[in-house]
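Student: I have a structure open and want to work through how its parts pack. Can we go step by step?

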Amino acid sequence: MPKSADRGRRTREQLIDAAAQLVGEVGWGAVTTRLVAERAGVNAALVHYHFSSVPELLSAAALQFASRALAESAQALAAVSPAEGVERIFEDLSRFTGTDPESLLLAEAFLAAHRLPGLRDALSALVVDFRARVAEWLRDSGVQDADAVALLLSAAIDGLVLHRALDPSVDFRVVAGPFRRLVAG
């Protein structure tokens, strides 16, 4: 790959990383070309060279994070039983405080998705794929109503992160027991 293409790819990644950080710090609506360029350490013109608009850049940042997080979660489940998987999911969720940059990025992306059809479609595809992978894992393990349980589990994850943003005392691990019983049969 030519050096200029490598440099362009690195710059694009720097912009996406900077945008993701800034959403968590200042909110989706307050992120500007100037702020992203300053954080990434690049000329502001490069933001619009790589992205047609700030919402496109923010969407790319949110989708990259969501895609990676969901893929890692689904992949981690493949090697364990449903009871262990549920335990792992709620343990891993403990890293999300509801006010950390990653939680805020996802919350802001879900809100922005109502105004940005492209983001809504892409987030929807990620969520549907995650639910399908979880349902397949549950089905392969003999869990009844695997599609419904996968939907319930993924909705619980989203809701718990939102609840924790409002109430930091929410402990995700307390719901692991009821979900373990649900996947046990």
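Student: At what angle do H5 and H8 pack, and is H5 roughly parallel or roughly perpendicular to H8?
Tutor: This is a predicted model, so the values are computed from its atoms. Helix H5 covers residues 82–93, and its axis runs 11 Å from that of H8. The angle between the axes is about 25°. Angles under 35 degrees count as roughly parallel, so H5 is roughly parallel to H8.

Student: Which residues of H5 meet H8?
Tutor: H5 passes H8 in a right-handed crossing. On the H8 side the contact uses Leu-153, Ile-157, Leu-160, Val-161 and Arg-164. By class, this contact has 7 nonpolar, no polar and 1 charged residues. From H5 come Ile-89, Phe-90 and Leu-93.

Student: How is H7 oriented to H8?
Tutor: H7 spans residues 117–140 and H8 spans residues 146–166. Their axes come within 8 Å and cross at roughly 130°. Roughly antiparallel needs an angle over 145 degrees, and roughly perpendicular needs 65 to 115. The crossing fits neither class, so H7 is oblique to H8.

Student: What is the handedness of the H7 crossing with H8, and how do the residues of the contact divide by class?
Tutor: H7 passes H8 in a right-handed crossing. H7 brings Phe-130, Arg-131, Val-134, Ala-135, Leu-138 and Arg-139. H8 brings Ala-146, Asp-147, Val-149, Ala-150, Leu-151, Leu-153 and Ser-154. By class, the contact residues are 9 nonpolar, 1 polar and 3 charged.

Student: Is H1 roughly parallel or roughly perpendicular to H4?
Tutor: The axes of H1 and H4 lie 8 Å apart. They pack at an angle of about 85°. The window for roughly perpendicular is 65 to 115 degrees, so H1 is roughly perpendicular to H4.

Student: Which residues of H4 meet H1?
Tutor: H1 offers Glu-13, Leu-15, Ile-16, Asp-17, Ala-19, Ala-20 and Val-23. The contact of H1 with H4 has 9 nonpolar, 1 polar and 2 charged residues. The H4 residues are Leu-57, Leu-58, Ala-60, Ala-61 and Gln-64.

Student: Is Ser-59 buried or exposed, and what is in contact with Ser-59?
Tutor: Ser-59 lies in helix H4. Its relative accessibility is 11%. Buried means under 20%, so Ser-59 counts as buried. Leaving aside neighbours within four places in sequence, its contacts are Trp-28, Leu-116 and Leu-119.

Student: What about Arg-68: buried or partly exposed?
Tutor: Arg-68 is also a residue of helix H4, which covers residues 54–77. Its relative accessible area is 42%. Partly exposed covers the range between the 20% and 50% cut-offs, so Arg-68 is partly exposed.

Student: How far apart in space are Arg-68 and Val-183?
Tutor: Along the sequence, 115 residues separate Arg-68 from Val-183. In space, C-alpha to C-alpha, the distance is 25 Å.

Student: How does the reach of H6 compare with the expected value?
Tutor: H6 runs over residues 101–112, which gives 12 residues. At 1.5 Å a residue, 16 Å is expected. From first C-alpha to last, H6 is close to that, at 16 Å.

Student: Which helices do the buried residues of H6 pack against?
Tutor: The buried residues of H6 are Ser-103, Leu-105, Ala-109 and Ala-112. One of their partners is H1, residues 3–26. The full set is H1, H4, H7 and H8.

Student: Leu-106 is in H6 too. What is in contact with Leu-106?
Tutor: Leu-106 counts as partly exposed, because its relative accessibility is 22%. Phe-65 is 41 residues away along the chain, yet the two C-alpha atoms are separated by 8.3 Å. Leaving aside neighbours within four places in sequence, the contacts of Leu-106 are Phe-65 and Ala-66.

Student: How many helices and strands does the protein chain have, and what share of residues is buried?
Tutor: The chain has 9 helices and 0 strands. Its C-alpha atoms fill a box of roughly 55 × 40 × 25 Å along the principal axes. Among contacts between residues at least 6 apart in sequence, 66% join residues at least 24 apart. Of the 185 residues, the buried share is 38%.

Notes: Residues are numbered from 1 along each chain as its sequence is written. This is a predicted model: local features need pLDDT of at least 70, side-chain atom pairs count only at pLDDT 80 or more; totals for chains, interfaces and linings use all residues. Side-chain values use heavy atoms; hydrogens and water are left out. Axes are lines fitted to C-alpha atoms, for helices over the stretch in contact, and angles run from 0 to 180 degrees between N-to-C directions. Helices (H or I, at least four residues) and strands (E, at least two) are DSSP runs, numbered from the N terminus. A crossing is left-handed if the near helix is turned anticlockwise from the far one by less than a right angle, and right-handed if clockwise. Contact means heavy atoms within 4.5 Å. Ala, Val, Leu, Ile, Met, Phe, Trp, Tyr, Cys and Pro count as nonpolar, Asp, Glu, Lys and Arg as charged, and the others, Gly among them, as polar. Buried means under 20% relative accessible area, exposed over 50%, partly exposed in between (1.4 Å probe, protein chains only). The expected span of a helix is 1.5 Å times one less than its number of residues.
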